[in-house]
Amino acid sequence: MTEPPPKIRLTTTTRIVLNLFLATDPSDPLWGYRITEETGLGPGTVYPLLERLEKAGWITGSWETGVPEDRPRRRFYTLSGAGRQEYAALHAVRGRGRSPRWGWTPGGAQH
């Protein structure tokens with residue numbers, strides 16, 4: 001029996017990572033370490049979140065082809081169409097009657 005996809009809660013951390021996906025050109029995919037560097041979040045936070053987002057269908061992941069000599073293979077992630085729609089819908093519901101607090105913007109500025 002297959003497990004249902006996990007429900008995604010829009011925590012500050014989730015919004016920070018999803019906003020990075022929205023701000024990144026899809027032809028320049030993200031990988032875990034790059035996400036940690038660009039957001040300032042630790043790997044113990046980012047990698048479990050990526051796993052939940054992928055299981056929920058919000059992002060898609062694929063392994064880098066070939067085996068680099070100087071580093072481990074990367075798992076590249078892109079925001080799926082479903083993920084984009086789900087995030088927009090939850091963002092709209094969450095934002096009603098409140099001012100948004102996003103925590104991360106392109107360029108790393110906190111507000």
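How many aromatic pairs does a search of the whole structure find? In this predicted model, the search finds one aromatic pair, and that pair makes a convenient first stop.

Select tryptophan 31 and phenylalanine 76 and display their rings: the centres lie 5.9 Å apart and the planes stand at 75°, so the pair is edge-to-face, an angle over 60 degrees being what that label requires. The pair links distant parts of the chain, since tryptophan 31 belongs to strand 1 and phenylalanine 76 to strand 3, 45 residues apart. Both tryptophan 31 and phenylalanine 76 are buried.

Keep tryptophan 31 on screen and add arginine 74, whose charged end sits over the ring of tryptophan 31, 4.0 Å from the centre of that ring.

Next, select helix 2, residues 32–39, where the buried residues are Gly32, Arg34, Ile35, Thr36 and Thr39. To see what covers these buried residues, colour the surrounding elements, which include helix 1 (12–23), strand 1 (30–31), helix 3 (43–55) and strand 3 (75–79). Just after helix 2 comes glycine 40, which has a positive phi, near 80°.

From helix 2, pick out isoleucine 35 and show its contacts: leaving aside residues up to four places away in sequence, isoleucine 35 touches Val17, Leu20, Phe21, Leu30, Gly40, Val46 and Leu50.

Finally, widen the selection to the largest nonpolar core, which has 20 residues, and in which Phe21, Ile35 and Leu53 touch the most other members. Helix 1, helix 3 and strand 3 are the elements that give two or more residues to this core, and the largest share, five residues, comes from helix 1.

Methods:
Residues are numbered from 1 along each chain as its sequence is written. This is a predicted model: local features need pLDDT of at least 70, side-chain atom pairs count only at pLDDT 80 or more; totals for chains, interfaces and linings use all residues. Side-chain values use heavy atoms; hydrogens and water are left out. Buried means under 20% relative accessible area, exposed over 50%, partly exposed in between (1.4 Å probe, protein chains only). Helices (H or I, at least four residues) and strands (E, at least two) are DSSP runs, numbered from the N terminus. Contact means heavy atoms within 4.5 Å. A nonpolar core is a set of buried Ala, Val, Leu, Ile, Met, Phe, Trp, Tyr and Cys residues joined through side-chain atoms within 4.5 Å. Rings of Phe, Tyr and Trp (its six-membered ring) pair if their centres lie within 6.5 Å; planes under 30 degrees apart count as stacked, over 60 as edge-to-face and the rest as tilted. A charge sits over a ring if NZ of Lys or CZ of Arg is within 6 Å of the ring centre and within 35 degrees of the ring normal.
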